[in-house]
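Thanks for coming, everyone. Have the sequence and the model up in front of you, and we'll walk through it together.

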Amino acid sequence: MNDLTRYKLLAEAKVPPAAKLLYSYLMNRAGGRHGCVLLSGKKLALEVGLSPSTVRRNLHRLQLIGLIRITARYSEEGIRLANQITFR
């Protein structure tokens with residue numbers, strides 16, 4: 001599936017505009033659908049101008065409909081690192 005097809009799919013998806021904004025921003029930041037982004041929810045919220053709870057809720061929605069996968073990352077010492085967001 002190319003990026004244009006994915007954008008059309010997103011336009012038809014039954015998700016709020018904030019979820020569409022997040023998906024488009026993440027895809028641009030990743031350089032297309034084959035990339036991944038290492039980014040915390042707080043930093044993403046600051047960059048797109050949404051509240052952290054709105055970002056968290058809409059990332060979860062995008063994951064539920066199968067557009068992204070969010071993977072928690074931890075250091076060797078067990079410290080929480082930024083999430084890895086990959087496109088499906």
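**Helices, core and pocket**

Let's start with α3: on the face turned away from its buried side, this helix carries the exposed residues Lys42 and Leu46. One thing to say right away is that this is a predicted model. So which residues of α3 are buried? Those are Leu44, Ala45 and Val48. They cover an arc of only 100° around the axis, which puts them on the same side of α3.

Some background for that pattern: an α-helix has 3.6 residues a turn, so residues three or four places apart point the same way.

Okay, on to α2. This helix runs over residues 17–30, and at 1.5 Å a residue its 14 residues should span 20 Å. The C-alpha atoms at its ends are 20 Å apart, which agrees. Its buried residues are Ala18, Ala19, Leu22, Tyr23, Leu26, Met27 and Ala30. Those cover an arc of only 165° around the axis, which puts them on the same side of α2. Over on the face turned away from that buried side, you'll find Pro17 and Asn28, both exposed. And just after the helix comes Gly31, with a positive phi near 85°.

Let me pick two residues out of α2. Pro17 sits in this helix, and at 67% relative accessibility it counts as exposed, because the cut-off is over 50%. Its C-alpha is 9.4 Å from that of Asn58, and those two are 41 residues apart along the chain.

Now Tyr23, which is in α2 as well. Buried or exposed? Tyr23 is buried, with a relative accessible area of 0%. If you look for Leu67, 44 residues away along the chain, you'll see its C-alpha 8.3 Å from the C-alpha of Tyr23.

Next up is α4. It has 13 residues and reaches 18 Å from first C-alpha to last, close to the 18 Å expected at 1.5 Å a residue. The buried residues here are Thr54, Val55, Asn58, Leu59 and Leu62. Looking down the axis of α4, you'd see those buried residues fall within an arc of 125°, so they line one face of the helix. On the other side of α4, Arg56 and Leu64 are exposed. After this helix comes Gly66, and its phi is positive, near 85°.

Thr54 is worth a stop. It lies in α4, and its relative accessible area is 17%, so it counts as buried, the limit being under 20%. Measure across to Tyr25 on your screen, C-alpha to C-alpha, and you should get 15 Å, for a pair 29 residues apart in sequence.

There's a threonine in a strand to look at too: Thr86, in β3. That residue is buried, with a relative accessible area of 13%. Thr86 and Met27 are 59 residues apart in sequence, yet their C-alpha atoms are 9.2 Å apart in space.

So where do the buried nonpolar residues go? As a general point, in soluble globular proteins, nonpolar side chains tend to be buried together. In this model, the largest nonpolar core has 21 residues, and the ones with the most contacts inside it are Tyr23, Leu26, Leu44, Leu59 and Leu62. The elements giving two or more residues to this core are α2, β1 (36–39), α3, α4 and β3. Which of them gives the largest share? That's α2, with 6 residues. Remember Tyr23 at 0% relative accessible area; here that residue turns up again among those with the most contacts in the core.

Last topic, the largest pocket. The space in it comes to about 280 Å³. It is lined by 16 residues, and the closest to its centre are Ser40, Gly41, Lys42, Arg56 and Asn83. Two of those you've already met: Lys42 was on the exposed face of α3, and Arg56 was exposed on α4. What sort of residues make up the lining of the largest pocket? They divide into 9 nonpolar, 4 polar and 3 charged. As for where the lining comes from, α3 (41–48), α4 (52–64) and β3 (80–87) each supply at least two residues.

To wrap up, go back to α3, α4 and β3 on your screen: each gives residues to the largest core, and each also helps line the largest pocket. That's me done, over to you.

Methods:
Residues are numbered from 1 along each chain as its sequence is written. This is a predicted model: local features need pLDDT of at least 70, side-chain atom pairs count only at pLDDT 80 or more; totals for chains, interfaces and linings use all residues. Side-chain values use heavy atoms; hydrogens and water are left out. Helices (H or I, at least four residues) and strands (E, at least two) are DSSP runs, numbered from the N terminus. The expected span of a helix is 1.5 Å times one less than its number of residues. Buried means under 20% relative accessible area, exposed over 50%, partly exposed in between (1.4 Å probe, protein chains only). The arc is that of the directions from the helix axis to the C-beta atoms. On a 1 Å grid over the protein atoms alone, a cavity is a set of points where a 1.4 Å probe fits but cannot get out, and a pocket is an open set with protein on both sides within 12 Å along at least five of seven lines; lining residues have an atom within 4 Å of a point. Grid points are joined across faces, edges and corners, and a volume is the space filled by probe spheres set on the points. Ala, Val, Leu, Ile, Met, Phe, Trp, Tyr, Cys and Pro count as nonpolar, Asp, Glu, Lys and Arg as charged, and the others, Gly among them, as polar. A nonpolar core is a set of buried Ala, Val, Leu, Ile, Met, Phe, Trp, Tyr and Cys residues joined through side-chain atoms within 4.5 Å.
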